[in-house]
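Here are my notes on the model you sent. They cover empty space and helix packing, point by point.

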Amino acid sequence: MKTIVIALGGNALLQRGEVLSAENQYKNIELMSETINKLAQEYRVVLVHGNGPQVGLLALQNLAYQAVPAYPLDILVAESQGMIGYMMMQKINQNNPTQAITTVMTRVSVDINDEAFREPSKFIGPIYEEAEKEELINKYQWTFKKDGQYYRRVVPSPAPQKIIDIEAVKLLLDKGHIVICGGGGGIPVNNINNEFIGSEAVIDKDLTAALISRELNAEHFVILTEADAIYKNWGTPEQAAIREATPEELAPMAVADGAMGPKIMAVSDFVNATGQQAHIGALQNIQQVIEGQSGTLIYKS
């Protein structure tokens with residue numbers, strides 16, 4: 001069977017402006033659960049999810065109880081892997097109780113000298129008004145960047161170097177499991193003297209998904225997000241969807257902007273490395289995106 005890797009944005013699992021409740025996340029996961037089960041009849045399915053909103057909420061909850069020192073980001077990423085993986089397993093199995101599905105706690109090594117540690121760019125947590133942003137900067141010394149008309153916290157997002165637990169993923173795929181792995185970009189660790197030490201960062205899940213796709217020799221790589229395609233002139237009256245493009249054509253947009261840029265970097269890396277096609281589109285159009293009838297198709301020239 002061919003292998004398909006599907007990357008789901010943390011925002012795809014929670015629509016912009018929605019309360020970050022379990023009920024809302026279950027509702028959005030249910031949009032894709034039937035399709036995932038259908039795909040599992042034809043493909044070996046790997047799901048990689050984002051965790052931006054969820055890990056940001058965990059960070060806020062983490063700080064609220066001051067009797068215990070706050071946990072570092074690597075542990076919060078691990079928590080989000082278990083939480084979101086469990087919710088996805090529940091909904092997928094409700095549609096098909098006999099389908100084997102497993103969440104793999106996935107460590108990903110990063111370079112301790114990565115420039116990202118000096119220039120945070122990864123959005124996490126909810127959106128804030130400017131006054132709220134200033135209050136949080138004063139209180140926690142967080143870094144913020146604009147996300148549309150609002151502000152969100154940003155943290156270091158180093159490039160993934162190696163999927164440490166990839167052999168467990170391969171073993172489960174061989175046994176017919178749907179595998180949820182690399183959640184939130186993976187638990188970031190530094191290899192220091194052959195010991196893996198947790199790192200204060202959140203890896204971009206799309207770059208991790210692309211690396212997983214390459215290591216699994218996947219035939220298909222799909223990124224599902226809240227946007228229904230890649231757009232040129234985004235946010236202007238001249239914005240227009242890009243339906244097909246090569247990595248070379250998208251190169252000017254492949255920047256570490258914490259938004260669409262890393263997604264373009266991820267699909268471009270995959271297409272250039274494998275010669276296979278990749279897709280970016282909206283979660284609610286998952287079937288049409290995979291079939292090339294919606295979203296943006298990226299192919300090698």
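**Notes on cavity, pocket and helix packing**

1. The largest cavity has a lining made up of Gly-56, Ala-59, Leu-60, Ile-124, Gly-125, Pro-126, Tyr-128, Trp-142 and Arg-153. Bear in mind that this is a predicted model. The volume of the largest cavity is about 40 Å³. Searching the whole structure turns up one cavity of 30 Å³ or more.

2. Which elements each supply at least two residues of that lining? They are α2 and β5. The biggest share of the cavity lining comes from β5, with four residues. By class, the cavity lining holds six nonpolar, two polar and one charged residues.

3. Next, the open space. The largest pocket holds about 710 Å³. It has 35 lining residues, and those closest to the pocket centre are Arg-16, Glu-226, Ala-259, Met-260 and Lys-263. Five elements are worth marking on your view, as each gives two or more residues to this lining: α2 (52–64), β5 (122–128), α6 (205–215), β13 (230–232) and α8 (260–274).

4. Which element gives the most to the pocket lining? It is α8, with four residues. The lining of the largest pocket divides into 14 nonpolar, 11 polar and 10 charged residues. Note that α2 and β5 appear in the pocket lining and also in the cavity lining.

5. Now the helix pairs. Two packed helices are described by the angle between their axes and the distance between the axes. Take α1 (residues 22–40) and α3 (residues 73–95): their axes lie 8 Å apart, at an angle of about 50°. That angle makes α1 oblique to α3. The crossing of α1 past α3 is right-handed.

6. The contact of α1 with α3 can be traced residue by residue. On the α1 side are Ala-22, Gln-25, Tyr-26, Ile-29, Glu-30, Met-32, Ser-33, Glu-34, Ile-36 and Asn-37. They meet Tyr-86, Met-87, Met-88, Gln-90, Lys-91, Ile-92 and Asn-95 of α3. Nine of the residues in this contact are nonpolar, five are polar and three are charged.

7. Helix α3 also packs with α2. Here the angle is about 120° and the axes are 9 Å apart. Are α2 and α3 parallel or oblique to each other? They are oblique, because angles over 145 degrees count as roughly antiparallel and 65 to 115 as roughly perpendicular, with the rest oblique above 35. This crossing, too, is right-handed.

8. From α2, the contact uses Gln-54, Val-55, Leu-58, Ala-59 and Asn-62. From α3, it uses Leu-73, Leu-76, Val-77, Glu-79, Ser-80, Met-83 and Ile-84. The classes are eight nonpolar, three polar and one charged. Ala-59 is one to look at twice: it meets α3 in this contact, and it is among the residues lining the largest cavity.

9. The last pair is α6 and α8. Their axes are 8 Å apart and make an angle of about 15°. This makes α6 roughly parallel to α8. Again α6 passes α8 in a right-handed crossing.

10. Which residues make the contact of α6 with α8? From α6 come Lys-205, Asp-206, Leu-207, Ala-210, Ser-213 and Arg-214. From α8 come Pro-262, Lys-263, Met-265, Ala-266, Asp-269, Phe-270, Ala-273 and Thr-274. By class, there are seven nonpolar, two polar and five charged residues. Lys-263 links this contact to the pocket, where it is among the residues closest to the centre.

Terms used. Residues are numbered from 1 along each chain as its sequence is written. This is a predicted model: local features need pLDDT of at least 70, side-chain atom pairs count only at pLDDT 80 or more; totals for chains, interfaces and linings use all residues. Side-chain values use heavy atoms; hydrogens and water are left out. Axes are lines fitted to C-alpha atoms, for helices over the stretch in contact, and angles run from 0 to 180 degrees between N-to-C directions. A crossing is left-handed if the near helix is turned anticlockwise from the far one by less than a right angle, and right-handed if clockwise. Contact means heavy atoms within 4.5 Å. Ala, Val, Leu, Ile, Met, Phe, Trp, Tyr, Cys and Pro count as nonpolar, Asp, Glu, Lys and Arg as charged, and the others, Gly among them, as polar. On a 1 Å grid over the protein atoms alone, a cavity is a set of points where a 1.4 Å probe fits but cannot get out, and a pocket is an open set with protein on both sides within 12 Å along at least five of seven lines; lining residues have an atom within 4 Å of a point. Grid points are joined across faces, edges and corners, and a volume is the space filled by probe spheres set on the points.
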